[in-house]
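Here are a few short exercises to work through with the model open on your screen. Try each task before you read its solution.

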Amino acid sequence: MTVDGMSNERLTRIMENVKNWRYECKPARRVYIPKANGKLRPLGIPSSDDKIVQTAVKTLLEPKCEKIFHPKSFAYRPNKSAHQALMSVRGMVGIT
């Protein structure tokens, strides 16, 4: 199923299933990507419904979590980057 087939009915069905604790994630589709050394790397592709639910949960939880995270925490945060983390550490005394 693709996002091209998106409809209000489909979104409503997903929302009702999540609200009523009936939503079940589908197993990710496993694809193997060739690597430069000739080996294969596994890649899991979630269903489009699972992506919708994941995005909705992220949208709801992220603002609440941001309030409790330490200001100097940079991992997986919106508007934070590894470069900002390095600049923060650079100013610390005794650290090279």
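**Exercise 1. Compare the span of helix H1 with the expected one.**

Step 1: H1 covers residues 8-19, which is 12 residues. Helices (H or I, at least four residues) and strands (E, at least two) are DSSP runs, numbered from the N terminus.
Step 2: The expected span is 1.5 Å times one less than the number of residues.
Step 3: From first C-alpha to last, H1 reaches 16 Å, close to the 16 Å expected.

A word on the source: this is a predicted model, in which local features need pLDDT of at least 70, side-chain atom pairs count only at pLDDT 80 or more, and totals for chains, interfaces and linings use all residues. Residues are numbered from 1 along each chain as its sequence is written, and side-chain values use heavy atoms, with hydrogens and water left out.

**Exercise 2. Find the buried residues of H1 and say what they pack against.**

Step 1: Look for relative accessible areas under 20% (buried); over 50% is exposed, and in between is partly exposed (1.4 Å probe, protein chains only). Arg10, Ile14 and Asn17 are the buried residues of H1.
Step 2: They sit on the same side of H1, because they cover an arc of only 65° around the axis. The arc is that of the directions from the helix axis to the C-beta atoms. An α-helix has 3.6 residues a turn, so residues three or four places apart point the same way.
Step 3: Now turn to the other side of H1, where Asn8, Glu9 and Lys19 are exposed.
Step 4: The partner of the buried residues is helix H2 (48-68), with contact meaning heavy atoms within 4.5 Å.

**Exercise 3. Is Leu60 in helix H2 buried or exposed?**

Step 1: The relative accessibility of Leu60 is 61%, so Leu60 counts as exposed.
Step 2: Together with Val57 and Leu61, Leu60 makes a nonpolar surface patch of about 280 Å².
Step 3: Lys64 is also found in H2, and its 59% relative accessibility makes it exposed.

**Exercise 4. Which phi values do Trp21 and Asn79 have, and where do these residues lie?**

Step 1: Trp21 follows H1 and is found in the loop between H1 and strand S1 (29-34). Its phi is near 60°, a positive value in a residue other than glycine.
Step 2: Asn79 lies in the loop between H2 and helix H3 (82-90), and its phi is positive too, near 60°.
Step 3: Check exposure: Trp21 has 81% relative accessibility and counts as exposed, while Asn79 is exposed with a relative accessible area of 75%.

Note on methods: Patches are made of residues with over 30% relative accessible area and no salt bridge: like charges are joined within 9 Å, nonpolar side chains (Val, Leu, Ile, Met, Phe, Trp, Tyr) within 5 Å. Accessible areas come from the Shrake-Rupley method with a 1.4 Å probe; for residues, only the protein chains shown count as cover. A salt bridge is a side-chain nitrogen of Lys or Arg within 4 Å of a carboxyl oxygen of Asp or Glu.
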